[in-house]
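Student: Before we discuss any details, could we have the sequence and the model side by side, and then work through them in turn?

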Amino acid sequence: SQEQQLRKSLKSATVRVTAGEFRGQNISVLDLLFSKYVPQGKRQELLELYRAGILTTEQVATVVTTIVNRTEAANAALAANARSPHRAAAGEDEKDCSAHLDDA
């Protein structure tokens with residue numbers, strides 16, 4: 001089926017991940033797409049655009065690696081904020097980070 005073919009393409013395409021739990025590994029685009037980093041809504045949206053031929057495999061790969069990198073960068077920033085008690089406004093930063101992630 002077309003669906004199996006699409007999944008096969010995403011499974012055979014791999015990307016080298018530079019952040020997060022997959023750091024330093026080559027991971028299939030499909031596995032990254034279905035990892036904890038990609039929210040279900042975003043995953044559905046990417047799959048629909050991919051099915052429609054609007055996004056190429058490479059573009060999907062770029063989007064998911066960007067999401068992983070941004071998520072990890074945001075997590076690192078939050079961890080740094082948590083370690084510095086003089087940052088009273090850490091809660092404000094947290095809201096900003098998640099707003100930017102939605103644009104990925």
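Tutor: A polar contact, as the term is used here, is a pair of N or O atoms within 3.5 Å, of which one must be able to donate a hydrogen and the other to accept it. The model we are reading is a predicted one.

Student: With that cut-off in hand, which residue's backbone nitrogen does the side chain of S28 reach?
Tutor: S28 lies in strand 2, which covers residues 26–28, and its relative accessible area of 6% is why S28 counts as buried, the limit being under 20%. Its side chain comes to 3.0 Å from a backbone nitrogen, which is within the 3.5 Å allowed for a polar contact. The residue that carries this nitrogen is D31.

Student: Leaving aside neighbours within four places in sequence, which residues is S28 in contact with?
Tutor: Contact here asks for heavy atoms within 4.5 Å. On that basis, and with the sequence neighbours within four places set aside, the partners of S28 are L10, K11, A13 and T14.

Student: What pattern does the protein follow when read along the sequence?
Tutor: The protein has five helices and two strands. Taken in order along the sequence, these elements give the pattern α-β-β-α-α-α-α.

Student: Which helix supplies the largest share of the largest nonpolar core?
Tutor: That core has 22 residues, and those with the most contacts inside it are L10, V17, V29, L32, L33 and V64. At least two residues of the core come from each of helix 1 (2–12), helix 2 (29–33), helix 3 (40–51) and helix 4 (57–83). The largest share is five residues, and the element that supplies it is helix 4.

Student: How far does helix 4 reach from its first C-alpha to its last?
Tutor: Helix 4 has 27 residues, and at 1.5 Å a residue the expected reach is 39 Å. Its buried residues include T57, V60, V64, T65 and N81. From the first C-alpha to the last, the model is close to the expected value, at 39 Å.

Student: Is V64 buried or exposed?
Tutor: V64 is found in helix 4, and beyond four places in sequence it touches V29, L32, L33, V38 and L46. L33, for its part, is in contact with L10, V38, R43, L46, L47 and V64 when its neighbours within four places are left aside. The relative accessible area of V64 is 0%, and therefore V64 is buried.

Student: Why does T65 count as buried?
Tutor: T65 is also found in helix 4, and its contacts, apart from neighbours within four places in sequence, are with V15 and L32. Burial requires under 20% relative accessible area. T65 meets that limit because its relative accessibility is 18%.

Student: What separates the C-alpha atoms of P39 and I67?
Tutor: P39 is found in the loop between helix 2 and helix 3, and at 46% relative accessibility P39 counts as partly exposed. P39 and I67 are 28 residues apart along the chain. The separation of their C-alpha atoms is 9.6 Å.

Student: Over which residues does pLDDT stay under 50?
Tutor: For the protein, the mean pLDDT is 85, and 81% of its residues reach 70 or more. Where pLDDT is low, the predicted coordinates should not be read in detail. That caution bears on the 13 contacts beyond four places in sequence that the model has for the stretch with pLDDT under 50, namely residues 90–104.

Definitions and conventions. Residues are numbered from 1 along each chain as its sequence is written. This is a predicted model: local features need pLDDT of at least 70, side-chain atom pairs count only at pLDDT 80 or more; totals for chains, interfaces and linings use all residues. Side-chain values use heavy atoms; hydrogens and water are left out. A nonpolar core is a set of buried Ala, Val, Leu, Ile, Met, Phe, Trp, Tyr and Cys residues joined through side-chain atoms within 4.5 Å. Buried means under 20% relative accessible area, exposed over 50%, partly exposed in between (1.4 Å probe, protein chains only). Helices (H or I, at least four residues) and strands (E, at least two) are DSSP runs, numbered from the N terminus. pLDDT is the predictor's confidence in each residue, from 0 to 100. The expected span of a helix is 1.5 Å times one less than its number of residues.
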